Amino acid sequence: MQLNHAQRELTLKIVYYGPGLSGKTTNLRHLHAKASPEVRGRLLTVETHDDRTLFFDLLPVFFSTSTGFKVKVKLFTVPGQVIHNATRRIVLQGADAVVFIADSRRTATADNNAYWRNLQENMKENNLDPAQVPVVIQFNKKDLPDARTDAEIEASRQRGGEAVVGAVALKGEGVLETFHAVAQAAYRRLDLRAHLARNLGLTEEEFLGQIFRRMDLTGTALMALYGGTVDEARSGGGR
């Protein structure tokens with residue numbers, strides 16, 4: 001977290017991590033498509049000829065609080081290829097929360113586990129405490145053959161302390177729910193450390209509402225919390 005009192009700016013960093021082709025860039029593309037231009041920046045992607053991320057993707061989401069602070073949430077992805085570990089480590093620096101994108105197929109278990117260990121190692125290299133930095137796990141590609149069942153994903157959730165979301169990112173399923181889970185976890189951790197509600201007047205309700213009331217939530221469970229569409233948000237819809 002970067003907090004600049006002089007310029008009244010707060011910047012958070014969320015990193016999407018995981019194996020190559022697991023769906024990290026797909027998640028950011030869907031978020032960019034669903035976010036109102038009022039809260040989203042330009043989606044920066046640098047890819048190779050085979051559609052794999054070479055360096056990172058960056059999507060900024062921003063808003064102004066009721067107390068006049070500018071808040072920016074920077075969403076990054078890391079390159080998944082094994083040879084780019086040094087880049088993954090650099091991108092992970094200063095992360096306030098992490099989304100780990102796993103491939104739901106049972107045949108991808110070894111790859112998922114290897115990148116999970118790689119995440120833990122790179123967090124420690126960056127002096128990030130794996131026990132303190134929130135991590136949300138997304139099991140993507142649930143529509144493919146050999147994918148884990150909902151019961152198996154629930155069993156994975158119960159074995160660890162992380163929030164777990166099932167997804168089909170290419171269809172947009174689970175993408176917004178994953179972002180909501182990690183944004184909420186990031187806020188709660190930072191509020192414990194920096195007392196955002198007390199010192200900045202930024203409550204969890206306002207933090208999440210400023211983002212998700214300006215996103216098209218049609219077809220998601222989040223509609224019950226924030227309303228369904230960007231047009232509703234602009235006209236004051238939602239609660």
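**Reading pockets and cores**

Reader: Which element supplies the largest share of the lining of the second largest pocket?

Author: Helix H3 does, with 4 residues. Keep in mind that this is a predicted model.

Reader: How many residues line that second largest pocket, and which lie nearest its centre?

Author: Its lining has 13 residues, and those nearest the centre are Asn113, Ile137, Phe139, Ser156 and Arg159. Two or more lining residues come from each of strand S6 (97-103), helix H3 (109-125), strand S7 (135-140) and helix H4 (150-159). By class, 5 are nonpolar, 5 polar and 3 charged. The volume is about 320 Å³.

Reader: What is the volume of the largest pocket, and what lines it?

Author: The largest pocket holds about 380 Å³. Among its 22 lining residues, Leu21, Ser22, Gly23, Lys24 and Thr26 sit nearest the centre. Helix H1 (residues 24-34) gives the largest share, 4 residues. The lining comprises 6 nonpolar, 9 polar and 7 charged residues.

Reader: Now for the nonpolar cores. Which residues touch the most other members of the largest one?

Author: A general idea helps here: in soluble globular proteins, nonpolar side chains tend to be buried together. In this model the largest nonpolar core has 43 residues, and Leu75, Phe179, Phe207 and Phe212 touch the most other members. Helix H5 (175-194) and helix H7 (204-212) are among the elements that each supply at least two residues. H5 gives the most, 10 residues. Another core, of 21 residues, lies apart from it and includes Leu58, Phe100, Ile137 and Phe139.

Reader: Beyond four places in sequence, what is Phe212 in contact with?

Author: Its contacts there are Leu176, Phe179, His180, Ala183, Leu217, Leu222 and Tyr226.

Conventions
Residues are numbered from 1 along each chain as its sequence is written. This is a predicted model: local features need pLDDT of at least 70, side-chain atom pairs count only at pLDDT 80 or more; totals for chains, interfaces and linings use all residues. Side-chain values use heavy atoms; hydrogens and water are left out. On a 1 Å grid over the protein atoms alone, a cavity is a set of points where a 1.4 Å probe fits but cannot get out, and a pocket is an open set with protein on both sides within 12 Å along at least five of seven lines; lining residues have an atom within 4 Å of a point. Grid points are joined across faces, edges and corners, and a volume is the space filled by probe spheres set on the points. Ala, Val, Leu, Ile, Met, Phe, Trp, Tyr, Cys and Pro count as nonpolar, Asp, Glu, Lys and Arg as charged, and the others, Gly among them, as polar. A nonpolar core is a set of buried Ala, Val, Leu, Ile, Met, Phe, Trp, Tyr and Cys residues joined through side-chain atoms within 4.5 Å. Buried means under 20% relative accessible area, exposed over 50%, partly exposed in between (1.4 Å probe, protein chains only). Contact means heavy atoms within 4.5 Å.
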